[in-house]
Amino acid sequence: MELSWLDDFLALVDCGNFSRAADARHLTQPAFSRRIRALEDWAGTPLFDRSGQPVTLTEAGRRFRPFADETVRRLLQGREEARLAAQSEAATLRFAATHALSLTFFPAWLRALEARARLGAITLSSDSMEACERLMLAGQAQFLLCHAHPAAAGRLDAESFRSVVVGGDRLLAVTAPDATGRPRHPLAEGEGTTLPHLSYSRESGMGRILEAVRAAQPLPNALDTVFTSHLAAVLRTLARDGRGVAWLPESLIAEDLARGTLVRAGQPAGDPRWTVPVQIRLVRPRARQSKAAESFWTLAVEAALWRNAESPLDSEITVAELEHPMEKEL
């Protein structure tokens, strides 16, 4: 059975005349009559009494009518719900962000952008860097917020993705203090002893960054990995418990440093071997996205350019890119 036959059936019920019903359905009368006959063949019984004017329903037709009414109504309602869902989905901004940034940077950054423009609905997937990259490659997220470093390459290549620097952070080598407030596991200037190391796993973006930095600037101390996790928050807890040295985002441990529950493990503090500056980048596909996503990108880039003008950071985005208006929506 074709669903359009139900509309034909209801049109004939309303009009009581084949000719007027055919006009209402924008069909010739012979074509309309064939469709009504096809519906009756499908039902296995006549639905209309054609012996008089106006055409009336048979008893079978009267029994069938409420089902036809309900089916058409439910189909129209379903179509409207699907359209509304599609509109809502298109207007929703989908982010992927690493765990540390989800806890520290993302809320305040989003709040600052919302002060400039209304953003609408937002979904956030918080996971390891590797899992976030998979979401981006699969098209399940429109934006990725992550730590980045020029020495550490990711899976999102420049041909398919673009990015802008939206903030900065530092990975600090920290450990719990001893009874005197000094580092329990100090990093030394010269050759030193092996230190217990709280390490990031391979799926961690910060783990990639530290691995690349250490390859270029080896540490004076050997590190004995005693615990591994992709979660900076877990390494933070273990570091506070005195289990070893961890390189943690300053944004995550600022309160610990202020309270003295964590202390810097290496001196001088500016030594790049135990103080690693990192960027916070917003990444997106180069392919055009939804109108809501493109509007958000423009907003984020403008805010980043303003911020970078105040405190210059390396960025792939220039003012010239904002001077080209977005293509008209089809």
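## A tour from helix α1 to the nonpolar cores

Begin by selecting helix α1, where the buried residues are W5, L6, D8, F9, L10, A11, L12 and V13. The model on screen is a predicted one, and in it α1 has 12 residues and reaches 17 Å from its first C-alpha to its last, close to the 16 Å expected at 1.5 Å a residue. At the end of the helix, select G16, which follows α1 and has a positive phi, near 70 degrees.

Next, go back to D8 and show its side chain together with that of R25, since the two form a salt bridge in which the closest N and O atoms are 2.6 Å apart. The pair links distant parts of the chain, with D8 in helix α1 and R25 in the loop between α2 (18-24) and α3, 17 residues apart. D8 counts as buried, at 0% relative accessibility, whereas R25 counts as partly exposed, at 25%. Adding R35 to the selection displays a network of salt bridges that links D8, R25 and R35.

Then select helix α3 (residues 29-43), whose 15 residues reach 21 Å from the first C-alpha to the last, close to the 21 Å expected at 1.5 Å a residue. Its buried residues are A31, F32, I36, L39 and E40, and the helix is followed by G44, with a positive phi near 85 degrees. From E40, at 3% relative accessibility and thus counted as buried, look across to R50: the two side chains meet in a salt bridge (2.8 Å, N to O). R50 sits in the loop between β1 (48-49) and β2 (56-57), 10 residues apart from E40 in the sequence, and is partly exposed, with a relative accessible area of 31%.

For a view of the surface, select M1, L3, W42 and L75, which form a nonpolar patch with about 410 Å² of accessible area together. L3, in the segment before α1, counts as partly exposed at 48% relative accessibility.

Now turn to the interior. In soluble globular proteins, nonpolar side chains tend to be buried together. The largest nonpolar core here has 30 residues, and those with the most contacts inside it are L171, W247 and L248. Elements that give two or more residues to this core include β6 (161-175), β9 (246-249), α10 (250-259) and β11 (275-285). Selecting L248 and its surroundings, with residues up to four places away in sequence left out, shows that it touches, among others, R170, L171, Y200, L235 and I253. A second, separate core of 25 residues includes A97, F106, W109 and L113.

Stay with R170 and add E250, as their side chains meet in a salt bridge (2.8 Å, N to O). E250 lies in helix α10 and R170 in strand β6, so the pair ties together parts that are 80 residues apart in sequence. Both ends are partly exposed, E250 at 26% relative accessibility and R170 at 31%.

Two buried residues make the last stops. E133, in helix α7 (residues 129-137), has a relative accessible area of 1% and, leaving aside its neighbours within four places in sequence, is in contact with G154, R155, L156 and R208. V301, in helix α11 (residues 291-310), is likewise buried at 1%, and its C-alpha atom is separated by 6.8 Å from that of V164, 137 residues apart along the chain.

Finally, zoom out to the whole protein, which has 12 helices and 11 strands, and in which buried residues make up 43% of the 330 residues.

Methods
Residues numbered from 1 in each chain as written. Heavy atoms only, no water. Core = buried A, V, L, I, M, F, W, Y, C linked by side-chain atoms within 4.5 Å. Buried < 20%, exposed > 50% of the residue type's maximum accessible area, 1.4 Å probe, protein only. Helix = DSSP H or I, 4+ residues; strand = E, 2+ residues; numbered from the N terminus. Contact = heavy atoms within 4.5 Å. Patch = residues over 30% accessible without salt bridge, like charges linked within 9 Å, V, L, I, M, F, W, Y side chains within 5 Å. Areas by Shrake-Rupley, 256 points an atom, 1.4 Å probe, with all protein chains shown as cover. Salt bridge = Lys/Arg side-chain N within 4 Å of Asp/Glu carboxyl O. Expected span 1.5 Å × (residues − 1).
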